[in-house]
Amino acid sequence: MDKTDVIIVGTGAAGLFCALNLPENLTVRMITKDEIENSDSYLAQGGIAALRNSDDYDNYFEDTLKAGHYKNNKVSVEVMIKSSPEIINELIEYGVDFDHTQDGLSYTREGGHSQYRILHHKDITGKEITSTLLERVREKENVKISEYTKMVDIIEEDNICKGIIVKNQHKELEALYAKIVVFATGGIGGLFKHSTNFKHISGDSLAISIIHNIKLQDINYIQIHPTSLYSKEMGRRFLISEAVRGEGAVLLNDKGERFVDELQPRDIVASAIKEEMKKDNTEFVNLSMKHLDMQTIKKRFPNIYKHCLEVGYDLTKESIPVTPAQHYFMGGIKVDLDSKTSMENLFAVGETSCNGVHGQNRLGSNSLLESLVFSKRAAKYISNNIKSIDYPQVKIDLSKYDYDNLKSKYKQLILNEIKRKDKKFYEQWCNNDN
Ligand SMILES: Cc1cc2nc3c(=O)[nH]c(=O)nc-3n(C[C@H](O)[C@H](O)[C@H](O)COP(=O)(O)OP(=O)(O)OC[C@H]3O[C@@H](n4cnc5c(N)ncnc54)[C@H](O)[C@@H]3O)c2cc1C
C-alpha cells in the first residue's frame, strides 16, 4: 500500500507553498498532470498585490469588493489583505527577487487598483515566484514530486477522503493513500476553446467533487478576458493585456469600424466583441495600435510586441486579430478560511477553491496572493490536526474503475453544472465555444 501523510495534487504556486509550509516530519507527495513548469502560476505577468502600509487598508478592501461586484466574502478579503505583508516577506526570504527602485520595492498599479500596490519582477512575476518556490521545495527531503501523474478520482468512505487514484506516467492506475489530500489543481481554462490557461488545466477536481457530492460555490463566476491573440491552432491563447487599450489601441470590426468604447469594464468589452463576431460571422475582431507612437509600443509592451512579431504580426504596422478568452475562475470548491472542503480530510487551495475572496470578478494581481495566503493557512491547519488522523485502511479494487473517455465525461459534468447555475453565461461563453 502506498501511504503518505499528505498528498498535494498540483504543483502551481498554491500547491508548492502549501508543501513548504508543512512540517518536515510529515511525508508529502506532490503530483502533477504535466511537467512541473507547466502551471498557470508560471504565466502570471502583472504581479502580486500587497498591503503597502496600514493607510492603504480601506482602499485595498474597497477596490477588491468593487471589482467583485460586492459579492465577495468580506472576512476572506480581510484575511487576505492583512496576511499579505507576511506572505511577501516570506517570499523574499525564500529568494524571490522583486523589482526595486532606489527607495526600496517598486510598486505598480493595474486596472481597478486605486493605489500603487503591485509587486513585480519585470513582466514575468509568476515565473519568478513559482520557480523560486519550486527550488525551495526540491530542497525538502520529505517532499516527493511525480510528474505526468494525473488524479482521476479520490478514495472516499462515508464522506472522508482517504487518498486518490492516479494514472501514473506509465499509464497505469494506482491507488495512493493519505491522511490528508489537498487539491491545488488550478482553474478550468482547458474546457474552453479559447483560454489563456494551459490546456491540461481543466477542472478535474471539480468534476470529482460533483461525483462525490463535495460542495461547490459560484461555479458560474468565470472571468472572460476581452482580448487574446486569435489563432487557429489548438492550445493556450496569448494574452493581450488591457493596458494596450489603456494606451489607446482601438477595436475594429470586419469593416474596419470601431464598435465599442474600449475602456469599459472587461465583461462589457468582451460581450461587445462576441456580438460583433456573431454579426460579421467571424472568429475575431481586430485590435489596432498603428496610430500609436512606435517607441511607446516597443517600450511599454516589449513582450507583446516580441510575441506578435514571432507569430507574424508587426504591431507598429498592422492590426492583430483578437478574440475573448476564458482567463480566470473565481468560483470553485467551497472552502472555509482554513481551505477545508465539505469532505473530511480534503482541502482545496488556489484557483480551484472558492472562499469568496474574489466575489464575482477578480481584482487583477489578487490571485497569486490569495493562492499563497490560503494554502499557508491550510498547511497550518493540517500541521495542527494531522496527529489525530490514522492511516486509511480501505482497500480499493482498481479493476472496477472505468476511466475511458474520462476527459469528455468530466468536461460535460462541469459544463452541465455551469449551465444549471447560469444558463445565460453558458450560452454566451460555453455553448458554441467548445
Ligand atoms: C496568462 C495569465 C496571466 C496571469 N497573470 C496574473 C497576475 O499577473 N497576477 C496574479 O495574481 N494572477 C495572475 N494570473 C492568475 C494566476 O496565475 C493563477 O490564478 C494562479 O497562479 C493559480 O495557481 P494555482 O496553484 O491554483 O494553479 P496552477 O498554477 O494553475 O497549477 C495547477 C496545477 O494542478 C495540476 N493539475 C491539474 N489537474 C490535475 C490532475 N487531475 N492531476 C494532477 N495534477 C493536476 C497542474 O498540472 C498544475 O500543476 C494569471 C493567469 C494567466 C493564465
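Mentor: Helices (H or I, at least four residues) and strands (E, at least two) are DSSP runs, numbered from the N terminus. The model is predicted: local features need pLDDT of at least 70, side-chain atom pairs pLDDT 80 or more, while totals for chains, interfaces and linings use all residues. Numbering starts from 1 along each chain as its sequence is written.

Trainee: Which helices and strands each supply at least two residues of the shell around the ligand?

Mentor: Helices α1 (13-20), α4 (125-138) and α10 (367-385) do, and so does strand β9 (150-157). The ligand has 40 residues around it, each with its C-beta atom, placed from the backbone, within 6 Å. G10, G12, G46, G186 and G350 come nearest.

Trainee: How does the shell around the ligand divide by class?

Mentor: Into 21 polar, 13 nonpolar and six charged residues. Asp, Glu, Lys and Arg count as charged; Ala, Val, Leu, Ile, Met, Phe, Trp, Tyr, Cys and Pro as nonpolar; the others, Gly among them, as polar.

Trainee: Why are α5 and α11 called roughly perpendicular?

Mentor: Set the angle against the range. The axes of α5 (residues 204-211) and α11 (residues 406-421) cross at roughly 75° and come within 9 Å. Roughly perpendicular covers 65 to 115 degrees, so α5 and α11 qualify.

Trainee: What makes the contact between α5 and α11?

Mentor: D204, L206, A207 and I210 of α5 meet Y410, L413, I414 and E417 of α11. Contact puts C-beta atoms, placed from the backbone, within 7 Å. Six of these residues are nonpolar, two charged, none polar.

Trainee: Where do domain 1 and domain 2 lie in the chain?

Mentor: The domain assignment gives 2-221 + 330-420 for domain 1 and 229-326 for domain 2. Their centres, over C-alpha atoms, are 30 Å apart. Each domain puts 10 residues into the contact.

Key. Domain bounds come from an automatic or database domain assignment. Two residues are in contact if their C-beta atoms, placed from the backbone, lie within 7 Å. Axes are lines fitted to C-alpha atoms, for helices over the stretch in contact, and angles run from 0 to 180 degrees between N-to-C directions. Angles under 35 degrees count as roughly parallel, over 145 as roughly antiparallel, 65 to 115 as roughly perpendicular and the rest as oblique.
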